[in-house]
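User: I would like to learn how to read ring contacts and helix packing in a structure. Please take one feature at a time.

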Amino acid sequence: MLIMGEVQTGLLRNLGELGEPKCREVLGLVSGEEPRTSMRPLPYAISPEQFTGVDCRLPGVSGARIRGTGTVAQHAVIVGGRVLQASAYATVVAGAADHRLPWSHYLARPGDIEVHGRPRWADMAEGFMAAEMPMDALNLSAIGGRLMAAVQESPHLDGKTPFKSTRTHLRWVLWRGEAGAPPLLLTLGKGSLRTLRLTGEPATDVTAFCEDLALHDWLLTTIQAIIQRALIGTAAPSQIAARLAPAIDHLMHLWMPGARVPDSYQHLWKELERRPGFSRQWASSVTRIRDQIAVNTLSLLSAAVMTESGHEPDGDISPHRGASQDDP
Amino acid sequence: MLVFAISDKGGTGRSVTSTNIAFRRALQGDDVCYLDFDFGSPTVGAIFGVRSAERGTERGGMHSYLQEKTEDPYRVDIWTDSDRSALRSRPPGAGQLILLPGDSSGGEFPASPRAVDRCVRLFSRLREEFDLCMVDLSAGRSYAADMVLAATARAELSDVPFRWLVFHRWTRQHIIAAAGLVFERRGLLDVGAAHGHDKTALAERIRFVRTAVVEANAPERSALRSTQLAWLDECDRDLHELARRHGVGRTAMLGKVPLDPVLQWREQILVDEDVYASQIANESTIRAFDHIATKIFDARAWEGL
């Protein structure tokens, strides 16, 4: 048995932060089932579970054609009224038969995909981590993408984003693994793809951990992109401050690793904090942004003092680095 | 911002000019996406030097997406995937440069209402990520042009600014053809109005770009005899008069790109290296691209005519 899933993370298409009642409306994708929300430590809303029927080839590195039938579970999450996640996952189990059974059989096991024939777990797990899968293989990215689009096109959203950002895809797999496999292996792949190999007893509550990790990875990716584009050290302080503003307005307060992770997975966050050190990188990025804002404030202040007194101030509050020491 | 690149005739240099404009815009710091909507012949990958997508992709490109065969269309990151080393290093401060290629096995397909829905979804999705989406349409009246005119008339995209660039060479035939594409029966304005666009407002979003222009002070002219020069000037005056009469005159023009041998013989992205190191391309060509890249976003260039 193994569980495979993909979490897509992106900015919600709405200029302002979405309040709790609106989140409920936006995520009310299934009639008769209410989204769940909570306010502490951060506004959080999760849609009811939806299922997509699949009967297709399963991924594999060996190229063997393994077929599976069943359903994929998916739900959407809004964090802080700002970040949208679509999470699609399926538990792959050995099939009850070598052929396809009536749909009632699969509908009684929502979220399970049954393999026809003998499953090769390691082959499947690695195949699912590959950057380019066969076009006819199970595509959780497509299922998640459709859910993402359904939420983003909601009439309760204004359709605009406060800044441009890239969606990330975290593809993960959890199974018992081969002897000696590390409990967790996170790899940043090409472009926006991240892969996460988890070793342990398969249980679907791991999705909460994967979504939390995907959220924080997206926050890091996005804040890094903002910093990179601000041209620190080259552009004028006021320009840099303007380019960094979205990070302060919309992202910085969302950093709370592990806030929604079940206790049984907290040790994985500890491992990530130890190496590569998610919070370390975040803290350094936040400090960098705050320092740049401080530099800009100082240059504004010194400009104001100069215009008021008509000359250079006595006390050197000027942030002009590298200014000559010989100036009067 | 959505920018649609179109031309009436083939061989105007539409793709090579619009890819270069997209490239300049990315250098200026914008996140840029280039969409190959030339469904009959999706070969933009070649201009960006992406060998794996020279004739489109087999991994689900624009055709597959618009025909509901794939949910996330194949993306090529030019800064990492181009086979041209000069394009493979993203300069500091430069924005994203992503190509969405067509399908290698795809052909033209009609702009069904469902394809228009997909097109609206695609543009809304790309807007989350990109400052500029440059959409390369095939030459002439095409299903692709019909589809994007229908999509941009839809309420979901009503607050997404869009512009049209009509590329044409500086010849009699091309001037008449370009004007026909826009103003004549079943032209862009007609089709747009049929989809619900306001004709006047749409006309204000269309500008012309002249390609392969030989300027009066161009070095190519120095080898010509004085009789040839005089004749050329007369032709040029005639062309200006013709363009003015057809509504393709100076006021409707966004920019012009000089004749550049590199663009003629090898359609490619011009990088600074081509101008300053190997000196195969002209500096004025890059300046022209930069000029157009800036003017696309300059509201004054798009005020009513």
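User: Which residues of chain B form one aromatic cluster?

Analyst: A caution comes before the list: this is a predicted model. The cluster is formed by Phe4(B), Phe37(B), Phe39(B), Phe109(B), Phe123(B), Phe162(B) and Trp164(B). One of these members also has a charged partner, as Arg205(B) lies over the face of Phe162(B), 4.2 Å from the ring centre.

User: Which residue lies over the face of Tyr44(A)?

Analyst: That is Arg260(A), at 4.0 Å from the centre of the ring.

User: How many aromatic pairs are there over all chains, and how should I read one?

Analyst: Two values describe a pair of aromatic rings: the distance of the centres and the angle of the planes. A search of the whole structure gives 14 such pairs over all chains. Take Phe183(B) with Phe208(B): the centres are 6.3 Å apart and the planes make an angle of 35°, a tilted pair. Tilted is the label here because 35° is neither under 30 degrees, which would be stacked, nor over 60, which would be edge-to-face.

User: Which parts of chain B does the pair of Phe183(B) and Phe208(B) tie together?

Analyst: Phe183(B) belongs to helix α7 (residues 172-183) of chain B and Phe208(B) to strand β7 (residues 206-213) of chain B, so the pair links parts that are 25 residues apart in sequence.

User: Is Phe208(B) buried or exposed?

Analyst: Phe208(B) is buried, at a relative accessible area of 1%. Its partner Phe183(B) is partly exposed, with a value of 40%.

User: At what angle do helices α1 and α13 of chain B pack?

Analyst: Packed helices are described by the angle between their axes and the distance between the axes. For α1 (residues 14-27) and α13 (residues 283-295) of chain B, the angle is about 75° and the axes are 8 Å apart. That makes α1(B) roughly perpendicular to α13(B), because the class covers 65 to 115 degrees.

User: Which residues make the contact between α1(B) and α13(B)?

Analyst: From α1(B) come Thr17(B), Asn20(B), Ile21(B), Arg24(B) and Arg25(B). From α13(B) come Ile286(B), Phe289(B), Asp290(B), Ile292(B), Ala293(B) and Thr294(B). Sorted by class, the contact has five nonpolar, three polar and three charged residues.

User: What does chain A contain in helices and strands?

Analyst: Chain A has eight helices and 10 strands. Its C-alpha trace spans about 90 × 45 × 35 Å along the principal axes. Of its 328 residues, 48% count as buried.

Definitions and conventions. Residues are numbered from 1 along each chain as its sequence is written. Chains are lettered from A and ligands numbered from 1 in the order in which they are written. This is a predicted model: local features need pLDDT of at least 70, side-chain atom pairs count only at pLDDT 80 or more; totals for chains, interfaces and linings use all residues. Side-chain values use heavy atoms; hydrogens and water are left out. Rings of Phe, Tyr and Trp (its six-membered ring) pair if their centres lie within 6.5 Å; planes under 30 degrees apart count as stacked, over 60 as edge-to-face and the rest as tilted. Helices (H or I, at least four residues) and strands (E, at least two) are DSSP runs, numbered from the N terminus. Buried means under 20% relative accessible area, exposed over 50%, partly exposed in between (1.4 Å probe, protein chains only). A charge sits over a ring if NZ of Lys or CZ of Arg is within 6 Å of the ring centre and within 35 degrees of the ring normal. Axes are lines fitted to C-alpha atoms, for helices over the stretch in contact, and angles run from 0 to 180 degrees between N-to-C directions. Angles under 35 degrees count as roughly parallel, over 145 as roughly antiparallel, 65 to 115 as roughly perpendicular and the rest as oblique. Contact means heavy atoms within 4.5 Å. Ala, Val, Leu, Ile, Met, Phe, Trp, Tyr, Cys and Pro count as nonpolar, Asp, Glu, Lys and Arg as charged, and the others, Gly among them, as polar.
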